[in-house]
Structure formats: structure tokens, C-alpha cells
Amino acid sequence: MPVRFVVVACALLGATAALAAGEPEFAITIRDHQFTPAEITVPAGVKVKLVVDNQDTGPEEFDSHALNREKVIAGKTKATIFIGPLAPGRYPFIGEFNATTARGEVVAQ
Amino acid sequence: MNARAAVAALLIAATYGSAAHADPDDYVALPGVEYGERELELRFGTATKSGEERASAASLAFGYGLTPWWATEVYAKYHRSGSEATRFDAIEWENKFEIGEPGQYFVDMGFLVELEWANDRAEGYELRVGPLFQKDFGLVQTNFNFLLQRHFRSDEHEVTDLGYQWQAKYRWRPEFEFGLQGFGDVGKWNDWDAHDVQTHTVGPAIFGKFPLGGRQVFKYNAALLFKASSAAPDHTLRAQLEYEF
């Protein structure tokens, strides 16, 4: 019984990996330690994909407690960040390495 | 050998390579990896059980996010039992592999591989491997990990144990989050011990994070665990402090 339990639990949890689907995509650029656009409107109740293009030479960390995301993006690279499905509302995010200038919000509506 | 073959080989090694139980300073591993992040980590735990001496453990570690999907960390582990002097216990090499991106799938996943070299050669080596899972429900974050543990080249009878870790926390504010944590071992992975021999603990936990400017961040989490089975320690106090830079 224990073996069956472990195998079934792992299989069920692992099988969820196959459930990825195409998500609406939104682009964000980091340049001069600022996000552009600084406000992104996304549909509520839907998982979306943020493609963050860090055009600065140094790394930046996309950080949002509201979205529960932390992602380091090396300089001159892009990163994909999946968020949602979100309830309607505003979800602030920052570039943690340059938090005074790199600030933005995801607006779900 | 590709990554999938390496993981399969490690699982087979853990399955067919003595009973091992979580140290008092054990923590709930998370599936995420932060690329390029360096961290200094201090873990501490102390456990009491009626009729037995207090057992305490501490670890000091340095970690680094080598790639966007692989973080590695080396621990120096110390142990103290009762009134004995604190002694160096082991060196542990932890590797965590993130599978996919957070939020990409229904459940966020990672895989943990730990190899421990005990200072006491009679304890041999310990391998601990297993999948890490995370699922968010709004502001509630849940984690559950299955971990297989096995000693190799030890004087003890070598079996593969199944352990688990879990937590559920309410992400109230970055500086203060709260919830529950639990740890347990059920015995041999395919022939579980009777419940009164298994160890299960559960209790309240707190978490938090303080940005210190630039890349520097201080993180903490701590829990007070109570026994949920008769073989478990009556009380375990555990804490983890991390300085990221």
C-alpha cells in the first residue's frame, strides 16, 4: 500500500506538468533601470506570460510579493515569468537591484 | 549522461544503496532557483523528547545560483547531544534543480539532491533525493516534498527511508508571513513502519524578508514543531537565516 501511495501521488503531481497551455503574452523592457511599460494591463482570471527583456548590461531581479515571483534576469537577456490567474486588482513589482527606479504594476481587469 | 538519466540513476542509488531521520535544523526546501544569487545561510534546531537528551544541530552554508535552473550549496554541519560538547558532524553538498518556470504548470516543481559526508566514518555517506512541489492559492503558498534518504558504506543496516516536508503559509507582508510546517519520516520507503515508530511533527511557523539595498536581502523562517506521533521529539525549535548578496 505505501509504495502504491507514493507512486500514485508522484504520478498525479508529475502529470500536472503536462497541462501547460498557450497563454497571452505581454512584453516588458528594462532599460536604464526602469520598466517599460511601467503598467501592464492583463486579463483577470487567466494565466499570462510576461516576457521581460533586460536591455541593461547588468542583471536585474523582477520581484513581486503580490505576485509571489522572484526572477533574476541577466544583462542583455530575456526571461519568461508566468503569473495568474489573477483576481481583479493591482499587483506592484520592482527591480530589486534598483528598487528606487525600477517599479511597475500589473493591473488585472 | 543527460539530466534525466542522472536523476534516474540517483533515484535508483537511493532506493537500492540505514534509516535516516531529519535533523532538528532541517528546513522545507523550495523548488525555485535564483540565478547568480550568492547566499550565506545559518540553520539551527533543537529537539527535546522526554527521557532522552536534548539534540541540537546547526549548519553554516554558502550557496550560489549557478544557472537559471541549478543552485548549489555546501554546508558545514554541527551537532550537540545533551551536555556533550558541540562537534563537527558532516559536510553536505546540496543541489537543487528547478523544473520549468514558477507558474508555468499547475504545480511548480524542483528536484533536490543532497550528499552528506559524515565526520564519523562509521556513518558512511548519506544521499537524499526527491521532488519538490509548490502551489499557490492566492496569498496562500503551499509546499510538499517527498525525500528518499539512504546511508552508504555505513555500519548501520542500509535501507532507504521515505521522509516528507510540507508547509502552508499566508503571505501577509514581505517582512512577516505565517503558517504551519511539518516534517516526518515513515520508515522504509516500501514498507512503512508502524505509526508509533514513525516520526511526525507539525507546528506554527513564521517567515520574512528584508531588502537591504541592491542585491542584498535578509530572509528568515522559524518554526516550533510539536510531536504528532509518539516516536517524534516532544518539541523542536528550528530556524533558518539567509543573507543573499
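Which residues of chain B make a nonpolar surface patch of about 710 Å²? I began there, keeping in mind that this is a predicted model.

**Entry 1, the patch.** I listed the members as Phe137(B), Leu139(B), Val140(B), Tyr170(B), Trp172(B), Phe176(B), Phe178(B) and Ile206(B). I then looked up the elements that give two or more residues to this patch, and found strand 8 (160–173) and strand 9 (176–188) of chain B. I took Phe176(B) as a single case: this residue lies in strand 9 of chain B, and with a relative accessible area of 33% Phe176(B) is partly exposed.

**Entry 2, cis peptide bonds in chain A.** I noted that the bond from Thr36(A) to Pro37(A) is cis, with omega near -5°, and that Pro37(A) sits in the loop between strand 2 (34–36) and strand 3 (39–42) of chain A. I also noted a cis peptide bond joining Gly84(A) and Pro85(A), where omega is about 5°; Pro85(A) belongs to the loop between strand 7 (77–83) and strand 8 (89–95) of chain A.

**Entry 3, positive phi values.** I found that His33(A), a residue other than glycine, has a positive phi near 60°, and I placed His33(A) in the loop between strand 1 (25–31) and strand 2 of chain A. Is His33(A) buried or partly exposed? Its relative accessibility is 34%, so I count His33(A) as partly exposed.

I went on to Lys76(A), where phi is likewise positive and near 60°, and which lies in the loop between strand 6 (69–73) and strand 7 of chain A. Lys76(A) has a relative accessible area of 58%, so I entered this residue as exposed, the cut-off for that word being over 50%.

Conventions:
Residues numbered from 1 in each chain as written. Chains lettered and ligands numbered in written order. Predicted model: local features only at pLDDT ≥ 70, side-chain atom pairs only at ≥ 80, totals over all residues. Heavy atoms only, no water. Patch = residues over 30% accessible without salt bridge, like charges linked within 9 Å, V, L, I, M, F, W, Y side chains within 5 Å. Areas by Shrake-Rupley, 256 points an atom, 1.4 Å probe, with all protein chains shown as cover. Salt bridge = Lys/Arg side-chain N within 4 Å of Asp/Glu carboxyl O. Helix = DSSP H or I, 4+ residues; strand = E, 2+ residues; numbered from the N terminus. Buried < 20%, exposed > 50% of the residue type's maximum accessible area, 1.4 Å probe, protein only.
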